[in-house]
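Let's work through a few exercises together, one step at a time. Keep the sequence and the 3D view open as you read.

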Amino acid sequence: MTWKTTAEAVVIGGGINGVSVAYNLAKLGMKDVVVLEKNTVCSGSTGRCGAGIRAQWGTEMNCRFGLACVQKFEQLSEELGMDVGLNQSGYLMVAYHQSEFEQLQKNVALQNSLGYMTKIVSHDEAREICPGVAVDDAIGFTFNHRDGHADPFLTTFAYQEAGKRLGVTFHKHTEVTGIKVKSDKVAGVTTTRGDIDAPIVINAAGPYSQFVAKMAGVEIPNYSERHEIIITEPVEPGVCPPMLMSFSGNYYLQQRPHGSIIGGCSPEGHPADFTLGATWDFLEHMSRVFTKLLPRAKGIRVVRQWSGLYNMTPDRQPIICEADNVKGFYLTCGYSGHGFMFGPVTGEALAQHIILGKSDIPIDMLHYRRFAEGKLLIEPAVV
Amino acid sequence: MEDKTKDIIVCRCEEVTMGEVREWIAKGYDTFDELKRLLRVGMGPCQGRGCREIIMREISRAKGIPMAEVEPGTFRPPVKPVKLGVLAKGGDN
């Protein structure tokens, strides 16, 4: 790919948020958008994620975002001209404590009031939704059939291919080493392959976004923690049709259309050392969770385990805004484990914000200023 | 002349053909890991034992670089498929 030393906008990071904002800028008419990725597109957190998409949230903002995301994914293959592997088989939320179930019931009321028709379901209904599931120790469930998952690789590559058709340039194996700022305005980037001058630079660097922000002199409170995941060999469909998710049980588990079953949990101690290893402790722990929930799965083989980094913020909600002191420097990061499902909508919203000055879905409350002002947006429904 | 090699299955676990691999290499997906994410080559039960070298050779040919310079991609544990029930019993047994 030929190297050009100027661009209208430079996007740092080739994960879902980077490719989504780049595609949407081009769609809104921007001619010269460049995406810089230090490894290859979808090699970081997006390509390592659990791939879930849901609108079963506990804050109004997230329910609205979630619903917009479900609707976006429902037409995304058509918009991008490539199958993104959407599979809507629902999320079955499992509560093991009374207070947890009360919270889920509150969430359902909120979701229903916003037009997302989640239901409270009984043990028998839960067993119908997920045959063979062992949940006698649970006390309640909620289910929404429109939740589901998509293929993170195909989704990201679909954005990349659609972006290329609109003239977006993608440079892989290109690491940003500095951000040029001149009199409180962003002027471009320096990279391992040369400089690019641009009046707009977007930080979509996922787990490394706090370091990229610092290159422009912007301090954000983000930190990154490692989460692990396992996947099994493909087996006949029907072993775990919905996403089984529990906040107190600390797990998520789902069979993909392809037949393999994927499972993960929130790690103890939240390792934040930027390594991406896989541990025996997790493999053993997750296998126990798996076989306890789905006893008949004990003969299914694990083929792979890996880890990825969540870019966390103090309230586990993303930062989407223009930097206060550096005009033209935008941030879209800190998704705290939900970047894949939100990316298609937040990328569009940020592109609209940049070009039109306003977005269909409001993002003003997601400025990082909220942390200094104490206006946190705490979300109760997070694994 | 029609290319008869394009229908050859290079990844038997995921049934991916030589033609598909070549098509995506030509579009710029010219590392093993990118092809893996896109086509699932190397994600099946054999974890790339069958297809990895064949695909690396295609990358080498398309890019005009020696095999030794083609990145083999990531190898992930547990290397060999292991039953959940065995893993759940833990390491002491």
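**Exercise 1: A pair in the sheet**

Task: find the bridge partner that A:Val11 has in S12(A).

Solution. Step one: in S12(A), A:Val11 is bridged to A:Ile202. Step two: widen the view to the whole strands, where S1 (residues 9–12) and S12 (residues 200–203) of chain A pair in the parallel sense over four bridges. Here, two strands pair if DSSP finds at least two bridges between them. Strands (E, at least two residues) and helices (H or I, at least four) are DSSP runs, numbered from the N terminus.

A word on the source: this is a predicted model, in which local features need pLDDT of at least 70, side-chain atom pairs count only at pLDDT 80 or more, and totals for chains, interfaces and linings use all residues. Residues are numbered from 1 along each chain as its sequence is written, while chains are lettered from A and ligands numbered from 1 in the order in which they are written.

**Exercise 2: The whole sheet**

Task: say in what order the six strands of the open sheet in chain A lie, and which stand at the edges.

Solution. Step one: the order is S8-S2-S1-S12-S19-S18 in chain A, with mixed pairing. Step two: S8 (169–171) and S18 (319–322) of chain A are the edge strands; each has a single partner strand, so one side of each is left without a neighbour in the sheet. Step three: from one strand to the next, the twist averages 15°. Step four: helix H9 (residues 339–356) of chain A packs on the sheet, touching S12, S18 and S19 (329–333), and its direction makes about 165° with that of S19(A). Axes are lines fitted to C-alpha atoms, for helices over the stretch in contact, and angles run from 0 to 180 degrees between N-to-C directions.

**Exercise 3: Where the chains meet**

Task: work out how many residues of chain A are in contact with chain B, and which element of chain A gives the most.

Solution. Step one: 25 residues of chain A are in contact with 19 residues of chain B (contact: C-beta atoms, placed from the backbone, within 7 Å). Step two: H8(A) gives the most to the side of chain A that touches chain B, with seven residues. Step three: S17(A) and strand S3 (residues 82–83) of chain B run antiparallel, joined by two bridges. In S3(B), A:Arg301 has B:Lys83 as its bridge partner.

Technical notes:
Two residues are in contact if their C-beta atoms, placed from the backbone, lie within 7 Å.
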